[in-house]
Every structure is written in C-alpha cells, then in structure tokens.
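Me: I keep meeting labels in structure notes. Please take me through how each one is earned.

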Amino acid sequence: MAEATESKQVPGDTEAQMSDSISKKGGLITLFFIAGTLSGVMLSGFGWLANLIVYLVEEFNVESINATQISNMVHGCMNLIPTLGAIIADSFLGTFSVVAISSFISSLGMIMLTLTAKLGSLKPPPCETGSSLCQTPSKVQFAILYVSIAMASAGLGGSRYTLATMGANQLDKPKDKETFFNWFFFTMFASCIISSTAIVYVEDSISWALGYGICFAANFIALAIFLAGHRFYRRDKPRGSPFTGLLRVVVAAVRKRKVVLSSRSEDYCHENVGTNKVMPATPKRSFRFLNRAALKTEGDIYSDGSIARPWKLCTLQQVEDLKTLIRLFPIWSSGIFLTTPIAIQSSITVIQALSMDRHLGSNFKIPAASIIVVVLISSSIFVALFDRFLFPTWQKLIGRPLTPLQRIGVGHVINVLSMAISALVESKRLKTVHAHHLEAQHGAIVPMLVWWLFPQLVVVGIGDAFHFPGQVALYYQEFPASLRSTATAMVSLVVGIAFYVSTALVDLIRNVTGWLPENINSGRLDNLYWILVTAGALNFTYFLVCAKLYKYQNIEKEVDATSSFDI
C-alpha cells in the first residue's frame with residue numbers, strides 16, 4: 001500500500017560504515033553454531049515456561065486464574081528484556097557478549113528452579129484434589145521461586161532475539177537475511193515443540209525436578225555450543241549509544257525552533273570531512289521541524305568541518321534516522337493488540353484443557369500445557385511451506401515478492417479468525433457443561449475431548465507464521481543500521497507489552513463482568529473471546545491506515561529489485 005522511496009545513499013552509507021567495525025568472518029558455518037545455541041536455549045526456556053501455570057497450580061497451590069496472570073507477567077517480562085539486551089548489544093557489549101552473559105544467567109536460574117521442585121522445604125505441602133483448604137507458600141518460598149523465574153526469564157529474553165541479529169549479521173546478501181529470519185523462527189518453533197511435549201511430559205508424568213534438570217542441561221549445552229563457535233563469528237563493534245544521537249536531534253531542533261529552514265544543501269550538516277558518505281541534497285519534507293537540527297548556524301562548525309556543538313547541530317543522517325523511527329511507530333503500535341489476544345488465548349487455553357477430557361487412548365493423558373504445542377507445530381510447518389512454496393509462487397505469479405507489511409496484514413486477519421473460532425468452541429464447551437449440570441462442581445472434567453481446541457490453535461499458528469517473521473524483516477530492513485539489534489527486539493517488545501495489556505484486560509473484565517470466576521465452568525469465556533474479535537477487527541483497520549500512509553525507506557537495499565512495491 002505504500003510505495004518505496006528513492007534513496008540517494010551510496011556505498012558510503014551507514015551499512016558500509018558499520019562494516020569497518022566487523023571482521024571478514026561469518027558466513028554459513030556460523031549459522032550451525034547459532035542454530036544449535038537457539039535450539040538449546042528454546043528447549044530450556046519453553047521446557048519450564050510452557051508448563052509454568054500447571055507448576056504454580058499443582059506444586060505451589062496457586063489459584064488457576066491467578067496462575068494465568070502470573071504466567072502473563074512472566075511472559076511480559078521475558079519479552080521486554082530483549083529490548084534492554086539489544087540496547088546493551090548495540091551500545092556497549094556487542095551481540096556475542098550479550099548472548100553469552102544471558103545464557104549464563106539463565107543457567108543459574110534453572111539451577112534454582114530445579115531446587116524448588118526437588119526440595120520440599122522450598123514449596124508448600126501438596127493440596128488434596130478439590131480441597132479449598134490448601135496451604136499457600138510462605139514469603140521465602142515465593143521469593144526463591146520468583147527470583148529463579150526472573151533469572152531464567154532474563155537469560156532467555158536476553159539471548160533469543162539477540163541471536164537473530166547476530167545471525168543476520170553473519171550474512172551479506174539481503175535475500176539470505178530474509179531467508180535466515182524464516183528459518184530462525186522455524187528452528188525456534190521446532191525447539192519449542194519438543195520442549196512443550198517431551199519435557200512437559202517428563203514434568204507431569206515423572207518428576208518436575210527431572211524435567212527442570214533437563215532444561216538446565218539443554219541451556220548449558222547451548223552455552224557450550226555458542227562459545228565453541230567464537231572464532232568463526234563476525235563481531236559487531238559497539239559505537240556507543242545510538243539513542244544519544246537521536247536525543248540530540250530533538251534537543252537541537254527545539255533549540256533552533258526559531259531558525260528559518262533553508263532549501264540549500266550547503267546549509268545542512270552532512271558528514272564530517274574524511275568520510276566517503278554521500279547524503280541526500282536536502283532533508284526530506286516530512287517532520288520538517290526536525291530538519292532544523294541539521295541546519296548549520298554560526299559557531300556550530302569548527303574550521304576543520306567537525307561539529308563544535310553536538311547538542312545544537314546533528315548530521316542529516318541522524319535526523320533521517322529519527323524520522324524513520326517516528327514513521328514506524330504507528331505500525332509497531334498496531335502489533336500490540338495483534339499479540340494481546342494471542343497472549344490471552346495461550347493462558348486461557350491451558351485452563352480450558354485442564355477441564356476437558358485429555359485422554360488419548362486408555363492409558364495416555366495429554367498434559368494440559370502441551371496443548372499449546374499445536375500452535376508451534378502449525379507455525380513451524382507453515383513457516384517452511386511459505387518460505388519454500390507460497391512466497392516463491394507468489395513472486396512468479398505477481399512478479400514481485402510479498403512485502404513485510406502484506407505478511408503482517410494477513411496475520412491480522414487470521415488472528416481475528418482464530419479468536420472467532422475460540423469463541424464458538426467455548427460456547428460449545430459451556431453448552432456441554434450445562435447439559436451435564438457441572439457448573440457448581442469445582443474441578444469437574446467436562447465430557448468433551450480436548451481436540452475441540454485444536455482448530456483455533458492451528459489457525460493462530462498460521463497467523464504467527466505470517467506476522468512474526470514479517471515484523472522482524474520489516475524492522476531489520478527499515479531501522480537505522482546502528483540499531484539493528486534493537487530492530488529485531490522490537491517484536492519481543494510488542495509481545496512483552498501485549499502480555500501486560502492482556503493481564504490488565506483480564507483483570508478488568510474479571511472485576512467488572514464476573515465472566516472469569518475461579519471455576520471457569522460457571523463463567524463466560526466465550527464473551528471474552530468475542531471482545532477480542534471486535535478489538536482485533538478495529539486494530540486491523542488501524543493497521544491498514546498506518547500501512548497505507550507508510551513509505552518504505554530502505555526497500556532498495558533489502559530486496560533484489562528496483563521497482564516500487566505495494567504495502
């Protein structure tokens with residue numbers, strides 16, 4: 001819906017400038033180490049995270065809705081941390097150090113979490129089924145539990161999306177980077193499938209301590225694999241905080257708010273003498289107020305051409321970088337309520353599964369937390385199908401590739417559809433509850449197979465396969481080169497905020513309507529899903545407006561084509 005804009009940058013741009021700070025290592029060989037690291041990190045992380053609600057309910061006697069709220073808070077924290085990790089990587093330590101430190105922290109967290117499952121003194125005594133007199137954990141027990149979860153979450157959050165940036169930095173061709181992001185998500189989803197089935201089964205059927213011990217082992221092996229490839233990696237050299245430069249643009253523009261703008265190129269600060277960068281002749285007309293930050297006035301420049309007052313004069317590139325972030329913000333914000341319904345569904349579905357018939361045959365019972373694996377399987381399959389078949393076929397038929405915004409838009413539509421299916425399935429479940437008079441029976445199992453939850457999870461997985469890789473590709477492509485780690489973490493930031501929004505929304509609906517009691521068999525979860533359908537449709541409309549108004553800034557650098565693209 002938007003058209004690509006022309007760029008006048010040539011090989012002396014920020015990409016080339018950054019290449020001076022990295023070695024000539026990298027290439028495909030590094031991706032084996034990164035894939036191995038990602039697999040271990042996700043096996044470990046989802047091995048405990050996927051079953052957290054059940055662990056809180058069964059081992060720490062936490063009420064089910066409260067457990068979902070705690071789980072949402074943990075997910076939110078885990079998805080906000082990558083932004084902090086990205087800023088540290090871009091500004092101070094680099095991606096290699098951030099991944100290594102994060103993996104070490106998560107290993108320590110897994111040791112503590114394993115101890116909470118192994119030692120009886122670190123958790124309350126078991127609660128009898130159906131009893132309302134369960135002993136709550138002590139403050140010390142809660143403190144140890146939360147510290148261990150915080151460390152494990154911090155480690156997982158700090159390494160996951162930083163690995164995405166590090167992997168893309170090992171490659172040179174834009175097409176290879178786009179393919180890498182698709183297979184990055186495939187590897188992540190596939191690892192989560194294994195952990196959400198095999199490890200969760202061990203936790204539910206054999207021992208929580210053994211399951212968490214396996215998670216620790218996977219995390220430790222991941223760290224070892226990552227460190228083993230250190231001599232092959234292409235290292236990015238941090239150049240200090242890029243956010244300082246962006247802040248200087250705002251300050252300089254405000255300080256020069258009364259200065260009259262010029263149409264002459266020589267009146268603006270381009271790059272310091274000695275660089276081979278060629279900038280646009282004059283700043284772009286959008287957000288013209290910020291152009292004053294690059295407008296030279298008396299005393300701003302030394303005789304050698306360097307900037308004398310950095311908080312009053314910025315380069316044209318810094319101004320355009322800030323404009324790019326401002327343009328992306330509306331599209332980024334639409335992703336918050338794209339992800340909020342998914343966050344709510346992921347938690348509520350586990351509670352629904354606990355109240356349904358989960359038997360597979362006469363001897364095997366599907367762990368409730370493993371039901372979410374359907375989303376991961378669906379996402380993994382469709383990410384691969386899209387990358388190998390749908391996207392190439394689309395390009396052959398249409399003559400141009402499916403753009404990131406188009407992929408995100410399709411994800412919006414599919415997400416709304418999945419919430420509608422969820423509402424219909426929950427209505428069916430409640431009818432079964434009423435037919436068997438189970439409303440007042442706490443912990444009653446509804447005679448309805450858990451398979452009824454599968455369609456909605458398959459559909460949301462298809463949506464994930466569209467919009468998550470699409471968002472990562474968009475931000476990596478459009479963000480300033482100095483903010484590449486931050487770019488890939490933007491998706492995680494959206495997810496983190498969405499989990500906090502979902503927690504607040506569930507609390508609001510719980511307090512105002514009474515649809516979400518402790519016993520969901522006497523509630524109205526279907527109404528919650530219909531609210532999400534309505535909100536999702538409105539959010540999609542907002543996204544369409546944002547996408548229509550957005551113009552790609554770096555499209556010619558990221559695709560092997562020179563034509564303009566829709567959306």
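Reply: What follows sets values against definitions, one label at a time.

The model is predicted, so local features need pLDDT of at least 70 and side-chain atom pairs count only at pLDDT 80 or more, while totals for chains, interfaces and linings use all residues. Residues are numbered from 1 along each chain as its sequence is written, and side-chain values use heavy atoms, with hydrogens and water left out.

Me: What makes R524 and D526 a salt bridge?

Reply: A salt bridge needs a side-chain nitrogen of Lys or Arg within 4 Å of a carboxyl oxygen of Asp or Glu. The closest N and O atoms of R524 and D526 are 2.8 Å apart. That is within 4 Å, so the label fits. The structure holds 5 salt bridges.

Me: Why is D526 called buried, and why is R524 called partly exposed?

Reply: Buried means under 20% relative accessible area, exposed means over 50%, and partly exposed is in between (1.4 Å probe, protein chains only). D526 has 5% relative accessibility, so D526 counts as buried. R524 has 36%, so R524 counts as partly exposed.

Me: What does the salt bridge of K123 and E59 tie together?

Reply: The side chains of K123 and E59 meet at 2.9 Å, N to O. K123 lies in the loop between α5 (95-118) and α6 (139-169), and E59 in helix α3 (residues 52-59), so the pair ties together parts that are 64 residues apart in sequence. Helices here are DSSP runs (H or I, at least four residues), and strands are too (E, at least two), numbered from the N terminus. Both K123 and E59 are buried.

Me: How far apart in sequence are E320 and K323?

Reply: They are 3 residues apart in helix α10 (residues 316-354), about one turn of the helix. An α-helix has 3.6 residues a turn, so residues three or four places apart point the same way. E320 and K323 form a salt bridge, with closest N and O atoms 3.4 Å apart.

Me: How do you know that the span of α6 agrees with what is expected?

Reply: The expected span is 1.5 Å times one less than the number of residues. α6 has 31 residues and should span 45 Å; its end C-alpha atoms are 45 Å apart, so the two agree. α6 also bends by about 25 degrees at L163. That bend is the angle between axes fitted to the seven residues ending there and the seven starting there.

Me: Why does R358 have no salt bridge?

Reply: The nearest side chain of opposite charge, D204, is 5.7 Å away. The limit is 4 Å, so R358 and D204 do not qualify. R358 is buried.

Definitions and conventions. Lys, Arg positive; Asp, Glu negative; His and termini not counted.
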